[in-house]
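Reader: I'd like to see how the labels on this model follow from the numbers. Can you walk me through a few?

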Amino acid sequence: MVLCGALMAPATAHACAVCLTGAGNDSVADAFNLSVLFLMATPYTVVGAIVGWLVYANRRSAAKAKSEDGGEPLASLASLQKENGR
Amino acid sequence: MARNSTARRLDETAPAAPGKRLEFGGGEPPAPPVRPNRPIGSNAWLATLMFLGAEAMFFAGLIGAFIVFRVGSAIWPPPFQPRLPVGITGVNTVILVFSAVTMHAALRSVRAGATARVSRMLAVTAVLGGVFLLIQGYEWAQLIHFGLTVSSSVYGGLFYTLIGFHALHVAGALIWLALVFIQAKSGRFSKQQHTGLRICVMYWTFVVALWPILYGLVYLY
């Protein structure tokens, strides 16, 4: 709807100063665009890094737990002939 | 139904075929044992991670402002403004990066159970951080002497804001490091329990990792 509105009334869209200057080949506009792109990418990078670290820490913790337990799960008593009496 | 049940009991008493798995009472074998959940980190660790995310966003805002003025200017640094000391700050960068190495050595030491080495490594880190701040302070004094102040130009304003906030973070990290050092000296940390040291290492690593980015942007770009 916003896009339709902007296409139908381009002069209204020019009300945004950054959008207006972004249309030209101005170095200030390029600087604003670059800054906007940088700031847009940063949250994804930060959240991605945090999630990535959590996944890494989880895997490392699981691997450590496995190595401390001896690597193999405990055998259930029922599966041992000596223990199940048969 | 009764017949089926009898048949099952008879079948159970029959000798098991070689290789067949025997179970109590027939039916499905018991579920494999479940390992208890193991936390990947303490609450303090998670909180520090979130705090560092917020810190990263704060510096991203400052860097965004720097990009607007730097890319938007045809001539940078502006005329009649002093040039920043690239060489000495490069040496300072190496010092700060090396402090992260010693900080991680302290963490490795506590994990290995060498608690005596922890306080030594923390002391070395604190000295390196202090040297970094001293060199920064000397550099600032020189720049102010040459006329570069916060209000002298956008160039000065950006420089002191970006580099100043980083220096403030290093100073804060240094105070935190001093507290952790006191705790390490009093034998507070062990191989199993060293969360305080771990989160301090995280913060120090963040402060150190941020500096080469700022150095590249403000001094070299």
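Author: Sure, let's start with Met40(A), which counts as partly exposed. This is a predicted model, where local features need pLDDT of at least 70, side-chain atom pairs count only at pLDDT 80 or more, and totals for chains, interfaces and linings use all residues. Residues are numbered from 1 along each chain as its sequence is written, chains are lettered from A and ligands numbered from 1 in the order in which they are written, and side-chain values use heavy atoms, with hydrogens and water left out.

Reader: Why is Met40(A) called partly exposed?

Author: Buried means under 20% relative accessible area, exposed means over 50%, and partly exposed is what falls in between (1.4 Å probe, protein chains only). Met40(A) has 49%, so partly exposed is the label.

Reader: Where does Met40(A) sit in chain A?

Author: In helix H4, residues 27-68. Helices here are DSSP runs of H or I with at least four residues, and strands are runs of E with at least two, numbered from the N terminus. Chain A has five helices and zero strands.

Reader: And what makes Arg111(B) partly exposed?

Author: Its relative accessible area is 37%, between the two cut-offs, so the label is partly exposed. Arg111(B) lies in helix H3 of chain B, residues 86-112.

Reader: How much of chain A counts as buried?

Author: Of its 86 residues, 14% do.
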